[in-house]
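Good morning, everyone, and thank you for making room on the agenda. I would like to walk through one model this morning, going from its sheet to its cores and then to its cysteines, so please keep the display in view.

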Amino acid sequence: MKNQQIYNIAAFTSEEFGGLYPILNEFLVKNSAAELLILEAPRPVALSSSALNTLAKRGMGIHPRNHAEFGLSDLSTAFYGLGEALASWVNQIKSNAPEAQIFLVVDMSWSIDANAVAANMENWIKITDGLVEELQISVVSHYRHQYLIDNHLRIALLGHEYLLGPDGLQRNPYWLPYHVLVRGTLRHQLNNWLRTALPSLHGTEQRQSQQAAMYGTLPWMETASDELYLSDTKIYHARWRIRCLGRLRIHLPNERQITWSTGGGASVKVKTLFAFLFQNGSSGAETELICDLLWPDTGQLSVSKNRLHHVVRCLRLSLGQGDQDVGAKALQYENGIYRLVPPAGSWIDLQAFEQFCRQSIVLLEDGMDDMALEHIRAADRLYQGELFSDIPLKYTDFEIDWCWSQRTWLREMYFKLQRDAARILRKKNSYQAALTHCNKALKIDPACEMAHREAMLTYAEQGRYDAVKRQFGIYKQATKRLEVGNISDEFT
């Protein structure tokens, strides 16, 4: 293989531009590709059989494999073993064609099957960089613009050195080298972009602070920026996956789960303090307000403050995995205010859930039911219960609505997901699957109007009018028993 250009490419396609084949075909012909390795996702294939036959007739070796062979939908957030498995496949092809130029094309639609992978999507960039540099091949990561959620697209735009689309191949002006993407400070990243836009600025960067933040912060925690801790490798490797839907849990990249009872504190109060500060974001919460939340009947603020100091110590030990100094960086105190500062790049199920919900609505409006259903299923997997379901009512029903309204909103979004899934499946005549989604909503709220309505429509389409009548009776009983108001006019 002599003087062959190799690329790490993000290929962006959308339905209106005809998919992957038109842009990939022209690119492969220009670059004299000889061996084409294709890793397909389970959804409608990016390259049809006729497209592959056309490429084969031009002398290209075609080697398709399915994502399931590599366990992509069951990946851990660290992507353990994926790079080695792909390298083994490439080396097998190279052994039979040592001089051939090899292109590995990967359909990235698999990434929505493994929701938590979004927490460490940049690990895919590390894998592709390794394949390109060590094996001297080109890698094309195919991102369907309408199909993936925001975080996947953000990493794609920042992580791949080249972009491929209807306008052809071009150098990516937003590309960041992997070490800058995952561990660079905001200043590092800005300098990288400035050097691309204004090459004359090269070498003029200011000295970087050792205490600068890494590549991202949580949206509502915007003050967790340059002055905070996150360049420390010990903190970096403790980056969190925060699950708020259902039981409150924090997972680390090594799959360990943070223990709330570290230090001998009452785990419920420790967990409640985390949830309350998490919801308050960069504003934090005053000492007196926290005391009112956790000990409303104490009567003496000094007693409550002493108890709070103990709970804070326990939470810091939990967040720091026994290291008080690390925990103090995650839970900070200044001028009477406690503030939570999660490690930059932390993944939050709430964000992913909302992105999947929002994208499913857009896809439904565009008539792309199959894609919408995949997003609904991804959101469905994330919703493992109500927001902070293991925080007792005496803390959530507080004078300040710190989670109740959001909990209600998320529940309603979940009900709408079930309704939309049922509608899509009903149109496909998958009646039992449609009813399963209705029952998911009714299991949470037996008087959920939209779920009852969709169930009755499903029975009606099957001609099961006795079941329609029975479902209506169940709905009437539930509304009466739960005292949720009058029956909707749409049912009468």
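In which sense do strand β1 and strand β5 pair, and over how many bridges? Before I answer, please keep in mind that this is a predicted model, in which local features need pLDDT of at least 70 and side-chain atom pairs count only at pLDDT 80 or more, while totals for chains, interfaces and linings use all residues. Residues are numbered from 1 along each chain as its sequence is written, and side-chain values use heavy atoms, with hydrogens and water left out.

The answer is that β1, residues 8-13, and β5, residues 138-144, pair in the parallel sense over six bridges, where pairing requires that DSSP finds at least two bridges between two strands. Within that pair, Ala11 stands opposite His142 in β5. Helices and strands here are DSSP runs numbered from the N terminus, with H or I over at least four residues for a helix and E over at least two for a strand, and on that basis the protein has 19 helices and 13 strands.

Let me turn to the sheet as a whole. Its seven strands follow the order β3-β2-β4-β5-β1-β6-β7, and the sheet is open, with mixed pairing. Because β3 (61-66) and β7 (168-171) stand at the edges with a single partner strand each, one side of each is left without a neighbour in the sheet. From one strand to the next, the twist averages 20 degrees. Helix α3, residues 82-96, packs on this sheet and touches β2 (35-40), β3 and β4 (102-107), its direction making about 150 degrees with that of β2. Helix α5, residues 150-159, also packs on the sheet, touching β1, β5 and β6 (162-165), and its direction makes about 135 degrees with that of β1. For these angles, axes are lines fitted to C-alpha atoms, for helices over the stretch in contact, and the values run from 0 to 180 degrees between N-to-C directions; contact means heavy atoms within 4.5 Å.

Elsewhere in the chain, strand β11 (residues 331-334) runs antiparallel to β12, to which four bridges join it, and Leu331 stands opposite Leu340 in β12. These two strands form a hairpin with two residues between them, and Asn335 in the turn has a positive phi of about 55 degrees. Strand β12, residues 337-340, also pairs in the antiparallel sense with β10, residues 285-286, over two bridges, and there Tyr338 is the bridge partner of Ala285.

What, then, of the interior? Of the 492 residues, 54% count as buried, that is, under 20% relative accessible area, as against over 50% for exposed and in between for partly exposed, with a 1.4 Å probe and protein chains only. The largest nonpolar core has 121 residues, of which Trp124, Phe274, Leu319, Phe353 and Phe388 touch the most other members; such a core is a set of buried Ala, Val, Leu, Ile, Met, Phe, Trp, Tyr and Cys residues joined through side-chain atoms within 4.5 Å. Helix α16, residues 404-427, gives the most to this core, with nine residues. Apart from it lies another core, of 19 residues, among them Ala11, Phe27, Leu28 and Leu52.

I close with the cysteines. A search of the whole structure finds zero disulfides, a disulfide being a pair of cysteine sulfur atoms within 2.5 Å. The sulfur of Cys438 is 8.8 Å from the closest cysteine sulfur, in Cys448, which is too far for a bond, and Cys438 is buried, with a relative accessible area of 2%.
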